[in-house]
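The following exercises ask you to read a protein model step by step, moving from single residues to the way in which parts of the chain pack together. Please look at the sequence and the structure before you start.

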Amino acid sequence: MIEFHKVCFTYPGCEKNHNRVLHNIDIRFEKGKFYSLIGSNGSGKSTLARLINGLIHPFEGKIYIDGLEVLPQNFIEIRQKVGYIFQNPENQIVSTIVENEVAFALENLGIPYDEMHRKVTEILEFVELNDMRKRPPHNLSGGQKQRLAIASVVVMEPDYIIFDEPTSMLDYNGRREVINSIKKLHKAGKTIILISHDAEEIVLADEIIILHEGEIVAKKRPIDFLKDVDLRNNINFQQIPDHLKFAIKYNINTLNKEEIIDIMQKNILPTTGILTL
Ligand SMILES: Nc1ncnc2c1ncn2[C@@H]1O[C@H](COP(=O)(O)OP(=O)(O)O)[C@@H](O)[C@H]1O
Ligand SMILES: [Mg+2]
């Protein structure tokens, strides 16, 4: 479990203006669950994520991961527990060959060659990149690059994986592939924290955590978040695709796109008014 106990954070230089980026964050992320972290630009999402893996440290309050406090002296253990995927995979990829990128992290652990090779293959198959293993990363598409970044984090076997707007720079196919990898990781038991502005992505979560001006203003199940028009207006979250509007309007018991479309096609329901939800 990841626990925040009354955490406040300010970037250096902002203290004088009492310009706190995060105020009084008190939250738990349970192991094995899928969370979405949402909020408008500048609300503090990336800052909260960076605090979890110890890239920065609280100004007040404490953060624990499986009981271990996030402190500079615990840095190596924390990095083993928490993986971080950035918005732009270009900032994460360092190798000139796909398989080396994944092996790189393991080399530092002194793992025997055979085991390393087996592990690299297993992870590349998981993200569906094994047939690209000899290619240079710059030949990959955006979605493939992001999956390579995911592979090089997952190979370290972290229990918690934070995705900081991982699809915002990708085209439709790239998004679908990356979201598929995230779903598979959740199925495999990983705890997922997905920062996103995309309604279709955030409804995959067990729980949506809403940040606004540095504070957690709500925690909601996806269906309850979608129905809460006032909350969505407050945080300027208005882009809801038609199939989700339909699901809310007709109280359909799923937010899965294929299932909703199937129901839409089987039932001739009046569609007027859906777009005004
Ligand atoms: N390295 C930094 N130094 C100073 N201020 C920063 C830094 N990074 C972010 N901020 C400020 O902290 C606030 C929250 O930023 P961030 O956590 O990146 O928000 P989000 O990810 O929700 O867009 C913003 O006001 C931003 O300008
Ligand atoms: Mg951010």
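**Exercise 1: a residue in helix H4**

Leu124 counts as buried, because 22 other C-beta atoms lie within 10 Å, and the cut-off for a buried residue is 20 or more. The model is a predicted one, and the values used here are computed from it.

Task: State where Leu124 is found, and which residues it touches beyond those up to four places away in sequence.

Solution: Begin with the element, which is helix H4, covering residues 113-126. Next, setting aside residues up to four places away in sequence, list the contacts of Leu124, which are Glu99, Val102, Leu129, Asn130, Arg133 and Ala151. Finally, look back along the chain to Tyr113, which is 11 residues from Leu124 and whose C-alpha atom is separated from that of Leu124 by 16 Å.

**Exercise 2: the largest nonpolar core**

Task: Find which residues touch the most other members of the largest nonpolar core, and which helix gives this core its largest share.

Solution: The largest nonpolar core has 66 residues, and those touching the most other members are Leu37, Ile85, Ile123, Ala151, Ile161, Ile162 and Ile193. The largest share of this core, 6 residues, comes from helix H5, which spans residues 142-154. Take Ile123 as an example: leaving aside neighbours within four places in sequence, Ile123 is in contact with Val102, Ala151, Val154 and Val155. As background, nonpolar side chains tend to be buried together in soluble globular proteins.

**Exercise 3: two helices side by side**

Task: Decide whether H5 is roughly parallel or roughly antiparallel to H6.

Solution: The first step is the geometry, in which H5 and helix H6 (residues 172-187) pack at an angle of about 20°, with their axes 7 Å apart. The second step is to compare this angle with the cut-off, and because angles under 35 degrees count as roughly parallel, H5 is roughly parallel to H6. The third step is to name the residues that make the contact: H5 supplies Gly142, Gly143, Gln146, Arg147, Ile150 and Val154, while H6 supplies Asn173, Gly174, Glu177, Val178, Ser181 and Leu185. Sorted by class, this contact of H5 with H6 has 4 nonpolar, 6 polar and 2 charged residues.

**Exercise 4: the surroundings of ligand 1**

Task: List the residues that surround ligand 1 and sort this shell by class.

Solution: Ligand 1 is surrounded by Tyr11, Val21, Gly39, Asn41, Gly42, Ser43, Gly44, Lys45, Ser46 and Thr47. By class, the shell around ligand 1 contains 2 nonpolar, 7 polar and 1 charged residues.

**Exercise 5: two asparagines with positive phi**

Task: Determine whether Asn236 and Asn251 are buried, partly exposed or exposed.

Solution: Start with the general expectation, which is that most residues other than glycine have a negative phi. Asn236 has a positive phi, near 60°, and Asn251 also has a positive phi, near 50°. Asn236 lies in the loop between helix H9 (229-234) and helix H10 (242-249), whereas Asn251 is found in the loop between H10 and helix H11 (257-266). Now count neighbours: Asn236 is partly exposed, because it has 13 C-beta neighbours inside 10 Å, and Asn251 is exposed, because it has 8 other C-beta atoms within 10 Å.

Key:
Residues numbered from 1 in each chain as written. Chains lettered and ligands numbered in written order. Predicted model: local features only at pLDDT ≥ 70, side-chain atom pairs only at ≥ 80, totals over all residues. Core = buried A, V, L, I, M, F, W, Y, C linked by C-beta atoms within 7 Å. Buried ≥ 20, exposed ≤ 12 C-beta atoms within 10 Å, placed from the backbone. Contact = placed C-beta atoms within 7 Å. Near = placed C-beta within 6 Å. Nonpolar A, V, L, I, M, F, W, Y, C, P; charged D, E, K, R; others polar. Axes fitted to C-alpha atoms, helices over the stretch in contact; angles between N-to-C directions. Parallel < 35°, antiparallel > 145°, perpendicular 65-115°, else oblique.
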